[in-house]
Amino acid sequence: MADFFDLLNIQDLYVIDAPGGNPFINDDIDLSGNDIATIPPNLTIMESLILRDCAKLSALPTGLDIMDSLDLRNTPITALPSDIGVGRDIMLENTKLMTLPAGLAVEGALDAGSGRPISDSDSVRSLIFCS
């Protein structure tokens with residue numbers, strides 16, 4: 001199983017310790033198709049986090065803050081943490097998500113794919129769309 005920080009090293013991405021010791025990455029992170037199963041908590045990513053086709057990733061950590069887009073297409077993710085922050089688009093096509101955290105702020109597009117029960121749920125009504 002792949003380690004998150006080892007995968008960043010392979011991609012020549014650097015982790016900065018932000019105040020409080022939380023990891024901070026100033027680039028896009030594309031881990032598409034990797035066998036990663038966990039992401040560390042309290043992580044700030046200044047660009048996009050792309051986890052498309054990560055078949056072993058079933059959960060995201062608390063304290064995850066992504067300034068650009070989050071791509072979870074084709075993952076077994078079943079829930080998003082209640083404190084997740086995403087600055088732009090969220091792509092959820094072919095995930096196992098049935099609800100979204102109350103008050104989730106989406107400044108871009110929310111792509112849940114076609115025929116998803118999530119689109120009819122109460123959680124979508126609690127979304128905050130920003131422009």
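This report describes the sheets, the salt bridges around Asp71, an aromatic pair and two unusual backbone angles in a predicted model.

**Two open sheets**

Five strands form an open sheet with the order 1-2-4-6-8, and the pairing in this sheet is mixed. Its edges are taken by strand 1 (15-17) and strand 8 (85-86). Each of these has a single partner strand, so one side of each has no neighbour in the sheet. Inside this order, strand 2 (residues 23-25) and strand 4 (residues 44-45) run parallel and are joined by two bridges. At the level of residues, Ile25 has Ile45 of strand 4 as its bridge partner.

Another open sheet of five strands has the order 3-5-7-9-11, and here the pairing is parallel. Strand 3 (29-30) and strand 11 (110-111) are the edge strands, each pairing on one side only. Strand 5 and strand 7 run parallel and are joined by two bridges. Across this pairing, Ile50 stands opposite Asp71 in strand 7. As general background, strands of a sheet pair through backbone hydrogen bonds, in either the parallel or the antiparallel sense.

**Asp71 and its partners**

Asp71 belongs to strand 7 (residues 70-71). Its relative accessibility is 3%, which is under the 20% limit, so Asp71 counts as buried. When neighbours within four places in sequence are left aside, Asp71 is in contact with Leu49, Ile50, Leu51, Arg52 and Met91. Of these, Ile50 is also the residue that stands opposite Asp71, and Arg52 is also a salt-bridge partner of Asp71.

The whole structure holds four salt bridges. Three of them are listed below, among them both that involve Arg52 or Arg73 with Asp71.

| Salt bridge | N to O distance |
|---|---|
| Asp71 and Arg52 | 2.4 Å |
| Asp71 and Arg73 | 2.6 Å |
| Asp89 and Arg88 | 3.9 Å |

In the salt bridge between Asp71 and Arg52, Asp71 lies in strand 7, whereas Arg52 lies in the loop between strand 5 (49-50) and strand 6 (65-66). The pair therefore ties together parts that are 19 residues apart in sequence. The two residues differ in exposure: Asp71 is buried, with a relative accessible area of 3%, while Arg52 is partly exposed at 24%.

The side chains of Asp71 and Arg73 also make a polar contact, at 2.6 Å. Arg73 is partly exposed, with a relative accessible area of 24%. Taken together, Arg52, Asp71 and Arg73 are linked in a network of salt bridges. In this network, the aspartate is buried, and the arginines Arg52 and Arg73 are partly exposed.

The salt bridge between Asp89 and Arg88 joins their side chains at 3.9 Å, N to O. That distance counts because the cut-off for a salt bridge is 4 Å. Arg88 has a relative accessible area of 44% and is partly exposed.

**The aromatic pair**

The structure holds one aromatic pair. Phe4 and Phe5 form this pair, with ring centres 5.3 Å apart and an angle of 80° between the planes. The geometry is edge-to-face, because the angle between the planes is over 60 degrees. The two rings belong to residues that fall in separate accessibility classes. Phe4 counts as buried, at 2% relative accessibility, whereas Phe5 counts as partly exposed, at 31%.

**Positive phi outside glycine**

Most residues other than glycine have a negative phi. Asp12 has a positive phi of about 55° although it is not a glycine. Asp12 is placed in the loop between helix 1 (4-10) and strand 1. At 56% relative accessibility, Asp12 counts as exposed, because the limit for that class is 50%.

Asn74 is likewise not a glycine, and its phi is positive at about 60°. The loop between strand 7 and strand 8 holds Asn74. Its relative accessibility is 32%, so Asn74 counts as partly exposed.

Note on methods. Residues are numbered from 1 along each chain as its sequence is written. This is a predicted model: local features need pLDDT of at least 70, side-chain atom pairs count only at pLDDT 80 or more; totals for chains, interfaces and linings use all residues. Side-chain values use heavy atoms; hydrogens and water are left out. Rings of Phe, Tyr and Trp (its six-membered ring) pair if their centres lie within 6.5 Å; planes under 30 degrees apart count as stacked, over 60 as edge-to-face and the rest as tilted. Buried means under 20% relative accessible area, exposed over 50%, partly exposed in between (1.4 Å probe, protein chains only). Two strands pair if DSSP finds at least two bridges between them. Helices (H or I, at least four residues) and strands (E, at least two) are DSSP runs, numbered from the N terminus. A polar contact is a pair of N or O atoms within 3.5 Å; within protein, one must be able to donate a hydrogen and the other to accept it, and residues adjacent in sequence count only if both atoms are side-chain atoms. Contact means heavy atoms within 4.5 Å.
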